[in-house]
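Ready for a little practice in reading a model? Have the viewer open and try each task before you look at its solution.

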Amino acid sequence: MNISIIIPARYGSTRLPGKPMAPILGRTLLSRVWAIAMAVRGVARVYVATDDDRVAQHAQSFGAAVIMTSPDCANGTERAWDAVKDRDDQPDAVINLQGDAVLTPPWVVQGLVDAFQNDPSTEMVTASVQLTWDAYDDFVAHKQASPSSGTTVVTDRCGNALYFSKTIIPHMRKPDRAAPCPVQRHIGIYGYSLGALQRLVSLPMSPLERIEQLEQLRALENRIPIRVVPVEYRGSIKSVYSHSLLMA
């Protein structure tokens, strides 16, 4: 398949204007995300998608290809579609790697690419990590302090998402700690076939999406299947962060 990674990046962050150019250990946020994307195999092209000349010039300064998009894009999904919708070299599928996703290890992105390469009929794909019991206990404690943080997902036996929630699912009335923990924590990165991406951005906000404030529920409520790729942290979360920050 012809797969592109699109890195949506906007200058006008409310909390941190100019965020793509924010320095992290001697390199900017955007340059590190681009380096993560460039480390992924089986990808035809990597583009930074932005509506701001300052971001575009910065991306070009370290060798990134840039597509200028409309300033009216409401989110990264719309910006990814705007980046590819009129191109002569349209990809078969798009991986949406947000411009601030500097903590996403390249092997997570690789898992999404591989899912498309292994099954070209895939419409939408995302990733999850199955929690250990220790990680589950930490997650529960964190949820008590910050209920809206972190998302969980449950899947069918074929690995397709049944539901995503800010609540920890499945609810365990009697946890069996002799068995593996059944909770999967969702990693918020997505890939779309071109048709699924076009359909998704044309749909209005769905009822469950509005309640949970989770954009992926729009796909499920409109019968767009989402394949959930299990990935591993390959060590502690801290080691993942270090790898992503210090790579290249």
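Three exercises with worked solutions follow.

This is a predicted model, in which local features need pLDDT of at least 70 and side-chain atom pairs count only at pLDDT 80 or more, while totals for chains, interfaces and linings use all residues. Residues are numbered from 1 along each chain as its sequence is written, and side-chain values use heavy atoms, with hydrogens and water left out.

**Exercise 1.** Find the residues that touch the most other members of the largest nonpolar core.

*Solution.* Start with the term: a nonpolar core is a set of buried Ala, Val, Leu, Ile, Met, Phe, Trp, Tyr and Cys residues joined through side-chain atoms within 4.5 Å. Buried means under 20% relative accessible area, with a 1.4 Å probe and protein chains only. The largest such core has 36 residues, and Ile-5, Ile-7, Ile-95, Leu-97, Val-109 and Ile-189 touch the most other members.

**Exercise 2.** List the contacts of Ile-5, leaving aside its neighbours within four places in sequence.

*Solution.* Contact means heavy atoms within 4.5 Å. With that cut-off, the partners of Ile-5 include Ala-37, Val-40, Val-43, Ile-95, Leu-97 and Val-109. Arg-45, Val-46 and Tyr-47 are also among them.

**Exercise 3.** Decide whether Glu-209 is buried or exposed, and find its side-chain polar contact with Arg-218.

*Solution.* First, Glu-209 has 4% relative accessibility, so this residue counts as buried. Next, the side chains of Glu-209 and Arg-218 are joined by a polar contact of 2.8 Å. Such a contact is a pair of N or O atoms within 3.5 Å; within protein, one must be able to donate a hydrogen and the other to accept it, and residues adjacent in sequence count only if both atoms are side-chain atoms. Finally, other contacts of Glu-209 include Pro-204, Leu-214 and Leu-217.

Conventions: Buried < 20%, exposed > 50% of the residue type's maximum accessible area, 1.4 Å probe, protein only.
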